[in-house]
Each structure stands twice: as C-alpha cells, then as structure tokens.
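Hi there,

Here is the structure I promised to pass on. My notes on what turned up in it follow below.

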Amino acid sequence: MLTVEELMTRELVTLNEDDDIVRGDDLLAQHDIRHLPVVKDGKLVGLVSHRDLIRALARQDRAPGAPPMQVRDVMTRSPETLKPKSSVQEAIHKMLDRKFGCVPVVEDGGRLVGILTETDLIRLAGRLLKQEDRH
C-alpha cells in the first residue's frame with residue numbers, strides 16, 4: 001500500500017497566526033506554491049490558500065495607518081488532515097470528495113510533518129504512466 005508519507009512534501013513553508021497577509025502572499029509568490037500551513041509551536045492550527053489571500057487582500061482596509069490583516073483573520077481553522085501512514089487512496093478520495101487542493105499531514109498530537117498537494121499526486125500519476133509505457 002502506497003502511503004502519504006511516500007509522496008508528501010516535507011520541506012514546508014509555513015506561517016504564524018500573527019503574520020500579516022502580505023507576508024503570506026509574498027511567500028506564495030517566492031516559493032511558487034498555493035497553500036501555507038499555519039503553525040503554532042510546531043502544531044498545525046490552520047491553513048491559508050492563495051484564494052484566501054486574494055480575497056483578503058481585496059477586502060483589506062488601505063487607509064493610511066490601518067493595520068494589515070493577520071493570517072488568523074483569513075485562515076481555515078483546524079483543517080482536515082491525514083496521518084503519514086494514511087493510504088494514498090484515502091488521500092485521493094478525501095481531496096476529490098471535499099474538493100481540496102491539499103491536505104496537511106500531521107503526526108499524533110498535531111505536529112505538522114508534511115503536506116500532500118495536487119501536484120504531488122500529479123507527479124505520482126506521471127511516474128505510473130511512465131511505468132505503464134515501459135510494459
């Protein structure tokens with residue numbers, strides 16, 4: 001059985017709840033990614049997507065001296081997660097059924113250890129197709 005830990009992205013770019021949303025937008029652009037887990041003391045507390053940030057930036061008060069919105073104001077709290085030993089089939093069903101672009105991967109206790117994204121699954125599909133072409 002193929003597991004999530006075999007495919008997940010382990011080198012994570014994360015945010016803190018008190019980061020401002022402009023920092024989140026900058027990180028997405030800098031790392032060419034679409035999702036940012038939000039952590040507190042190494043534990044997952046939320047998730048921010050590119051779409052979340054676009055909406056928030058459009059609504060943000062641009063008056064001089066107005067404080068920037070913080071990640072806590074726009075993040076999805078307590079997002080659904082997977083365990084490292086979860087099957088890839090379970091992950092695919094969860095992502096398709098719920099229309100998720102990613103699912104954070106946590107160990108017991110909520111410590112963030114990875115993220116499984118649509119891109120990770122497309123890479124897997126590419127490898128499987130390549131193997132199929134060899135046969």
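Helix 4 and helix 5 cross in the left-handed sense; a crossing gets that label if the near helix is turned anticlockwise from the far one by less than a right angle, and would be right-handed if clockwise. This is a predicted model, where local features need pLDDT of at least 70 and side-chain atom pairs count only at pLDDT 80 or more, while totals for chains, interfaces and linings use all residues. Residues are numbered from 1 along each chain as its sequence is written, and side-chain values use heavy atoms, with hydrogens and water left out.

Back to the helix pair. Helix 4 covers residues 88-98 and helix 5 residues 118-134; they pack at an angle of about 125°, with axes 12 Å apart. Axes here are lines fitted to C-alpha atoms, for helices over the stretch in contact, and angles run from 0 to 180 degrees between N-to-C directions. Helix 4 and helix 5 are therefore oblique to each other (under 35 degrees is roughly parallel, over 145 roughly antiparallel, 65 to 115 roughly perpendicular, and the rest oblique). Val88, Ile92 and Met95 of helix 4 meet Glu118, Leu121 and Leu124 of helix 5, contact being heavy atoms within 4.5 Å. By class, that contact has five nonpolar residues, no polar ones and one charged (Ala, Val, Leu, Ile, Met, Phe, Trp, Tyr, Cys and Pro are nonpolar; Asp, Glu, Lys and Arg charged; the others, Gly among them, polar).

Helices (H or I, at least four residues) and strands (E, at least two) are DSSP runs, numbered from the N terminus.

Now the sheet. It is open, with three strands in the order 1-2-3 and antiparallel pairing; two strands pair if DSSP finds at least two bridges between them. Strand 1 (35-40) and strand 3 (76-77) are at the edges with a single partner strand each, so one side of each has no neighbour in the sheet. Strand 1 pairs with strand 2 (residues 43-49) over six bridges, including His35 with Ser49 and Leu36 with Val48. These two strands form a hairpin with two residues between them, and Asp41 in the turn has a positive phi of about 55°. Five of the six residues of strand 1 are buried (under 20% relative accessible area; exposed is over 50%, partly exposed in between, with a 1.4 Å probe and protein chains only).

One last residue: Ser87, in the loop between strand 3 and helix 4, counts as buried because its relative accessibility is 14%. Leaving aside residues up to four places away in sequence, Ser87 touches Met1, Leu2, Thr3 and Val4.

Best wishes
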